[in-house]
Amino acid sequence: MKSLTILAQRQLRWPSIVLGATAVLLLTMSVQAASFKGDYPIRVGATVGMVADIVREVAGDHAAVTNIIGSGVDPHVYSPTRSDVAVLLRSDIIFYSGLLLEGQMTDILVKVSRKRPVYAVTERLQQEYLIHDNTTDHHDPHVWMDVSGWIKAVAVVADAMVAFDPVHADAYRQNAAAYQVRLHRLDDYAKKVIASIPDNQRVLVTAHDAFNYLGRAYGIEVMGIQGLSTESEAGLKDINRLVSLLVDRRIPAVFVETSVSDKNVKALIEGAAARGHQVVIGGELFSDAMGAAGTYEGTYEGMIDHNVTVVTRALGGNAPATGMQGKLAAH
Ligand code: ZN
């Protein structure tokens, strides 16, 4: 496991554990220098939807993006199927989130990186930015929850596309810049609405620990019943500790996640009820997967808009029911 961690942190473009340093340098250079000579659209493989969405925004019609880990699917425990492997082997260029989010896909990503460029979109986030988890001794991978961090991921995709297909460099740079402007607006909206939640109720309790970056960026305390990865088990002690918090602080709502079982969240609600405090499910949040393809919630903007709007309204703050741009479905 240790070597997997190091590998994932160093990013798969530099498989220095597998090869010697000189060989790696040559490999990296030769992959990067060769510009695209095949037929358009460029075939792009992307792991989670949030990453696929960046590529769609940046590359537009020049790329056909295949999103491997789809809506409602948990990336922590996802292991690639035979057809996923086939998609990766057919791809011209591949993007993944990184920081061990797609832990079970590490082997295949290393393998396919020998023949084509493979990028972790989180590769430019500095150590100081990343949240470290002492229990697992890993970095928290859920960086898309802070829009200002995810804006840096857009730059990674843009530069990778420019290097791969320099003919369309201007288009990639312009698309990325326009997308980043929209994301800055989303970041401002999230800050504003979450700040409207009354102080004592500004606590986000969810099924697993996916919201630490959101908490830090937008000033809300966060607590997950399960740890950073859904692979960990929640203990009775964790449940009881959270029940006490809900009761003591009169927290009105807790949240379920589309890609995680709601069993532990229901245990919290029952525990609080047994102590005379009524807690409701404030809504279903998109933690590690976006909404259905083809819907607004099936985009990164819609996912974040949905999350911050639903959380704000359930915890007593002010946000429009249809979100930042009037596009959210009724919830
Ligand atoms: Zn997660």
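Let's start with the sheet: four strands make an open sheet in the order β2-β1-β3-β4, and their pairing is parallel. Since β2 (63-69) and β4 (118-120) sit at the edges with a single partner strand each, one side of each has no neighbour in the sheet. On average, neighbouring strands here are turned by 20° against each other, ignoring direction. Keep in mind that this is a predicted model.

As for how such strands hold on to one another, strands of a sheet pair through backbone hydrogen bonds, either parallel or antiparallel. In this sheet, β1 (residues 42-48) runs parallel to β2, and six bridges join the two. If you want a spot to look at, find V44, which stands opposite V65 in β2.

What packs on the sheet? Helix α4 (residues 82-90) does, touching β1, β2 and β3 (93-96). The direction of α4 makes about 150° with that of β2.

Now to the metal. The zinc ion takes its protein donors from three histidines and an aspartate, H76, H142, H208 and D288, at 1.9 to 2.1 Å. Angles among the four donor atoms run from 90 to 128°, and the site is tetrahedral. Along the sequence, the donor residues follow the spacing H-x65-H-x65-H-x79-D. H208 belongs to strand β7 (residues 203-208), while D288 is in the loop between β10 (280-285) and α11 (300-314), so this pair ties together parts that lie 80 residues apart in sequence.

Are H208 and D288 buried or exposed? Both fall under the 20% cut-off for buried, as the table shows.

| Zinc donor residue | Relative accessible area | Class |
|---|---|---|
| H208 | 0% | buried |
| D288 | 1% | buried |

Stepping back to the whole chain, the secondary structure comes to 11 helices and 10 strands. Of its 331 residues, 54% count as buried. Contacts reach a fair way along the sequence too: taking those between residues at least 6 apart, 68% join residues at least 24 apart. On the outside, the chain exposes about 14200 Å², with carbon and sulfur atoms supplying 53% of that area.

So where do the two donors of that long-range pair sit? To recap, H208 is in strand β7 and D288 is in the loop between β10 and α11.

Notes:
Residues are numbered from 1 along each chain as its sequence is written. This is a predicted model: local features need pLDDT of at least 70, side-chain atom pairs count only at pLDDT 80 or more; totals for chains, interfaces and linings use all residues. Side-chain values use heavy atoms; hydrogens and water are left out. Donors are N, O and S atoms within 2.8 Å of the metal (3.2 Å for Na, K and Ca); water is not among the atoms, so sites may look incomplete. Four donors count as tetrahedral if all angles lie between 85 and 135 degrees; four count as square planar and six as octahedral if opposite donors are over 155 degrees apart and all others between 65 and 115; anything else is irregular. Buried means under 20% relative accessible area, exposed over 50%, partly exposed in between (1.4 Å probe, protein chains only). Two strands pair if DSSP finds at least two bridges between them. Axes are lines fitted to C-alpha atoms, for helices over the stretch in contact, and angles run from 0 to 180 degrees between N-to-C directions. Contact means heavy atoms within 4.5 Å. Accessible areas come from the Shrake-Rupley method with a 1.4 Å probe; for residues, only the protein chains shown count as cover.
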